[in-house]
Amino acid sequence: MPIARAVDVSTRPLAVTAAGVPLVVLRPEPDAEPVVFADRCPHRLVPLSAAKVENGRLRCAYHGWEFDAAGKCVELPSQDGAPPPRAGLSPAPQVRVRDGMVEISDLPPTDPGELFTNEDPSLRRAWHPVGIVGIDDMSEVELLGQTYRPAEERTQERWGLLWLAPEEPLTELFDDPDHDDLNYVGAWLPPARSPASAGIVADNFLDTAHFPFVHAKTFGAAEEKKVERYAVTDEPWGCRSVQDQWFDNPEDPGVAAGLRPVRQRRRATYVYRAPFQLMLRLEELDAGAVKTILFFSQPESLTSTRIYTKMLFHGIGGVADPGPDVIRSEVAFEEAVLEEDLDLQRTLRLPGLPLRMRDELHVRADLLGVHMRRILSQFAQPSAAALGRPAKD
Ligand code: FES
Ligand SMILES: [Fe+2]
């Protein structure tokens with residue numbers, strides 16, 4: 001079947017659809033014959049039409065996996081050694097050019113499996129943020145594909161946000177000691193919207209392997225591509241991971257004063273609780289500063305997630321109590337970082353997060369994302385005991 005005009009096919013990947021199946025067509029080199037693949041990276045299912053072609057290889061925009069003209073994964077930057085064969089693209093259909101048209105003989109398999117969307121019924125049993133108190137008009141709010149009037153629902157206030165749970169929640173909000181600590185200064189980012197589901201947004205937040213690729217313009221260029229092995233500890237309806245990383249800290253006044261090298265150690269603690277409560281605590285171990293990011297998502301509808309980011313600072317810029325200029329520039333920087341993630345999320349086409357392990361290709365760096373998927377699966381289908389109902393005999 002014809003899928004594109006041959007003259008339109010270049011080293012710039014082109015998204016096309018055949019019989020409802022999203023495909024990507026490209027030439028690995030300017031004069032090479034066209035090749036066609038399912039428009040989906042096997043890792044996190046992001047469209048390969050957002051990928052770049054370089055030296056005959058297709059490089060995915062999210063984590064930089066590289067595929068050769070036959071679809072074999074030849075580079076997997078987050079880990080050493082040869083990529084596993086399963087990391088390759090599903091077999092490419094036979095392609096030929098006839099009468100100026102690129103034609104394919106068959107369609108690649110593309111079933112993404114079952115997806116956890118923003119309207120999953122289980123999400124009714126959870127607390128969701130619906131607005132910033134004192135800033136947002138909350139007479140009516142969008143949540144899980146419906147309109148709610150918070151005044152008539154079960155609500156609570158925490159971290160300056162109003163939270164709403166349509167039904168008895170399975171789990172409470174987590175604690176954040178930094179928020180209640182007067183040594184920390186807090187600041188909100190303006191709330192943002194993503195067309196991706198809250199599950200995908202959360203997975204993106206827990207992911208570090210994308211830094212060098214998605215955040216190259218802000219902080220990613222200096223980041224290590226390889227992700228060191230890390231451990232994840234389970235908590236009730238959640239998990240936590242502590243990772244020590246190297247990073248460049250040119251803003252540390254101690255560097256300019258010659259007290260410390262620019263390359264420093266940082267401890268990143270990720271905390272996740274179902275369904276979408278997230279926190280990242282960044283401790284600059286050498287400079288003694290701490291930055292905590294609270295990151296919450298409001299699953300508004302199948303195509304919209306509202307994102308609330310609150311930052312808490314201690315000791316940033318070499319002073320215990322950072323002033324308004326420091327806070328402003330930190331917030332502006334974080335906004336630019338979030339915008340890079342949103343740009344990536346805007347290229348996504350799937351309306352939800354796959355929860356079945358076999359529908360994506362997980363590698364070692366994805367341990368946190370794998371834990372989150374397992375926890376969300378249990379959240380979506382909790383046992384009778386977890387719901388507080390007597391088990392059937
Ligand atoms: S490399 Fe493609 S989604 Fe991760
Ligand atoms: Fe990111």
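**A chat about two domains and an iron site**

Student: Hi! How is the chain divided?
Tutor: Hello! This is a predicted model, and its chain is divided into domain 1, residues 2–104, and domain 2, which takes in 117–124 + 174–380.

Student: How far apart are the centres of the two domains?
Tutor: Going by their C-alpha centres, domain 1 and domain 2 lie 30 Å apart.

Student: And how many residues are in contact between them?
Tutor: On the domain 1 side there are 24 residues in contact, and on the domain 2 side 25.

Student: What area is buried between domain 1 and domain 2?
Tutor: About 2100 Å² is buried between them, and carbon and sulfur atoms give 59% of that. In domain 1, the residues that lose the most area to domain 2 are Arg44, Tyr62 and Ser78, which together make up 32% of what that side buries.

Student: Which residue forms a salt bridge with Arg44?
Tutor: That is Glu360; the closest N and O atoms of the pair are 3.5 Å apart. Across the interface of domain 1 and domain 2 there are five salt bridges.

Student: How many residue pairs are in polar contact between the domains?
Tutor: The count between domain 1 and domain 2 is eleven residue pairs.

Student: What's the salt bridge count for the model?
Tutor: The count comes to 29. Among them is the one between Arg263 and Glu224, with the closest N and O atoms 3.0 Å apart. Another joins the side chains of Arg57 and Glu66, at 2.7 Å from N to O.

Student: Nice. Is Glu66 buried or exposed?
Tutor: Glu66 is buried, because its relative accessible area is 16%, under the 20% cut-off. Its partner Arg57 counts as partly exposed because its relative accessibility is 30%.

Student: Changing topic: what coordinates the iron ion (ligand 2)?
Tutor: His210 and His215 each coordinate the iron ion through NE2, and Asp341 does so through two OD entries, at 2.0 to 2.4 Å.

Student: Are those histidines buried or exposed?
Tutor: Both His210 and His215 are buried.

Student: What spacing do the donors follow along the chain?
Tutor: For the iron ion (ligand 2), the donors follow H-x4-H-x125-D.

Student: Why is the iron site called irregular?
Tutor: The angles among the four donor atoms run from 58 to 154°. Four donors count as tetrahedral only if all angles lie between 85 and 135 degrees, and square planar needs opposite donors over 155 degrees apart, so this site is irregular. For reference, the ideal angle for four tetrahedral donors is 109.5 degrees.

Terms used:
Residues are numbered from 1 along each chain as its sequence is written. Chains are lettered from A and ligands numbered from 1 in the order in which they are written. This is a predicted model: local features need pLDDT of at least 70, side-chain atom pairs count only at pLDDT 80 or more; totals for chains, interfaces and linings use all residues. Side-chain values use heavy atoms; hydrogens and water are left out. Donors are N, O and S atoms within 2.8 Å of the metal (3.2 Å for Na, K and Ca); water is not among the atoms, so sites may look incomplete. Four donors count as tetrahedral if all angles lie between 85 and 135 degrees; four count as square planar and six as octahedral if opposite donors are over 155 degrees apart and all others between 65 and 115; anything else is irregular. Buried means under 20% relative accessible area, exposed over 50%, partly exposed in between (1.4 Å probe, protein chains only). Domain bounds come from an automatic or database domain assignment. Contact means heavy atoms within 4.5 Å. Buried area is the accessible area (1.4 Å probe) that two parts lose on being put together, summed over both. A salt bridge is a side-chain nitrogen of Lys or Arg within 4 Å of a carboxyl oxygen of Asp or Glu. A polar contact is a pair of N or O atoms within 3.5 Å; within protein, one must be able to donate a hydrogen and the other to accept it, and residues adjacent in sequence count only if both atoms are side-chain atoms.
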